[in-house]
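Visitor: Hi! Could you walk me through this one with me looking over your shoulder?
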Amino acid sequence: MLDRIIFGDNQFFGINHMSEEKADALMEKFRDLKAIMNVIDIAYDAGIRAFMLNTNERAREICDYIRQHQDRYAEMSFYPSMPYAHKYAQVVAEKGIFGALREVILADSTAGDILGMVKKGGMSLFERDMMKVMQILVDMEMKIFKGLNVKVVFLQNIVTDLLLGLGVKDVFISFASYIRDKYGVEPGFNSMNMPKLVDFLLECGIDNPIVCSSINKAGYFMNPDIKDYEQTIREKRFRPMAMSVLASGAIRPQDAIEYVCRQPQIKSVVFGASSKQHIIETKELIERYSR
């Protein structure tokens, strides 16, 4: 069962698609973990129990803190989105492909972890075996959430849409099967093109897939257009999750939430905010229009 309200993390990493100035201000505001946890505490105390985190280094800090205070966050659940593509791109740019493999794959790995990678096909990193590399990367990223309640593991939109463009069915099928079989949770997919992805996943035989994408009244980041999104949501068998519902502040909150929540097929609403007032107001609007 998907959570109706999920708190996102873009604000913690200085992401604002409408204003570079606001993005810089957010980056400065959330420079240390204490500031991030203050906002998470506001959301948790307001009754929000589900959190979507991209698997970057800040996610590791957040999860470490929550593991150390599990009594405080006993009801918290996570929706990780992986891999964090920018992290890998930066390491490759700085250290080259082989240096990146050493740092990313073997960092923080025990002897047992490394042996498990070899058994799974660790040398496949040099043999270009995409499926085994995918499994190794998933295992590495999932270590961030060890011991925590994970509900859905998402393939990050940059990777999803690249593979979608290439038409690589085997990776989607393998990812979905691996997440279910190894971790016992649901696979999910983030995308900037929900209509095309939903059709593709259904062609892959992935039944009733979970797809998270921008859904908002302004058509912001909705490719190819808002009409195709609305038709897909009405007619296709999948579980849509809405993010970017406020279109980075371009839509009045009441109008934005009403638009999303009046579509009963939408299972979850993901939103990020950095102030107590906005967190509580958005949660209350979602609850009001979901009745």
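Guide: Happy to. One term to begin with: two strands pair if DSSP finds at least two bridges between them. Also, keep in mind that this is a predicted model.

Visitor: Okay, so how many bridges join strand β7 to β8?
Guide: There are 2 bridges between β7 (residues 239–243) and β8, and these strands run parallel. Ala-242 has Val-269 as its bridge partner in β8. To get from β7 to β8, the chain passes through helix α12 (residues 253–261), a β-α-β crossover that is right-handed.

Visitor: And what about β1 and β8, in which sense do they pair?
Guide: Parallel, over 3 bridges, with β1 covering residues 5–7. Val-269 turns up here too, as the partner of Ile-5.

Visitor: Are the faces of β8 covered or open?
Guide: Both are covered. Ser-268 and Val-270 are buried on one side, and Val-269 and Phe-271 are buried on the other.

Visitor: Switching topic: where does Ser-77 lie?
Guide: In strand β3, which spans residues 77–82.

Visitor: Why does Ser-77 count as buried?
Guide: Because its relative accessible area is 2%, and the cut-off for buried is under 20%. Leaving out residues up to four places away in sequence, Ser-77 touches Asp-3, Arg-49, Ala-50, Phe-51, Asn-149 and Lys-151.

Visitor: Now the overall picture. How many helices and strands are there?
Guide: The protein chain has 13 helices and 8 strands. Of its 291 residues, 49% count as buried.

Visitor: What about the exposed area?
Guide: About 14200 Å² is exposed, with carbon and sulfur atoms supplying 53% of it.

Terms used:
Residues are numbered from 1 along each chain as its sequence is written. This is a predicted model: local features need pLDDT of at least 70, side-chain atom pairs count only at pLDDT 80 or more; totals for chains, interfaces and linings use all residues. Side-chain values use heavy atoms; hydrogens and water are left out. Buried means under 20% relative accessible area, exposed over 50%, partly exposed in between (1.4 Å probe, protein chains only). Helices (H or I, at least four residues) and strands (E, at least two) are DSSP runs, numbered from the N terminus. A crossover is right-handed if, with the strands pointing away from the viewer, the path from the first strand over the helix to the second runs clockwise. Contact means heavy atoms within 4.5 Å. Accessible areas come from the Shrake-Rupley method with a 1.4 Å probe; for residues, only the protein chains shown count as cover.
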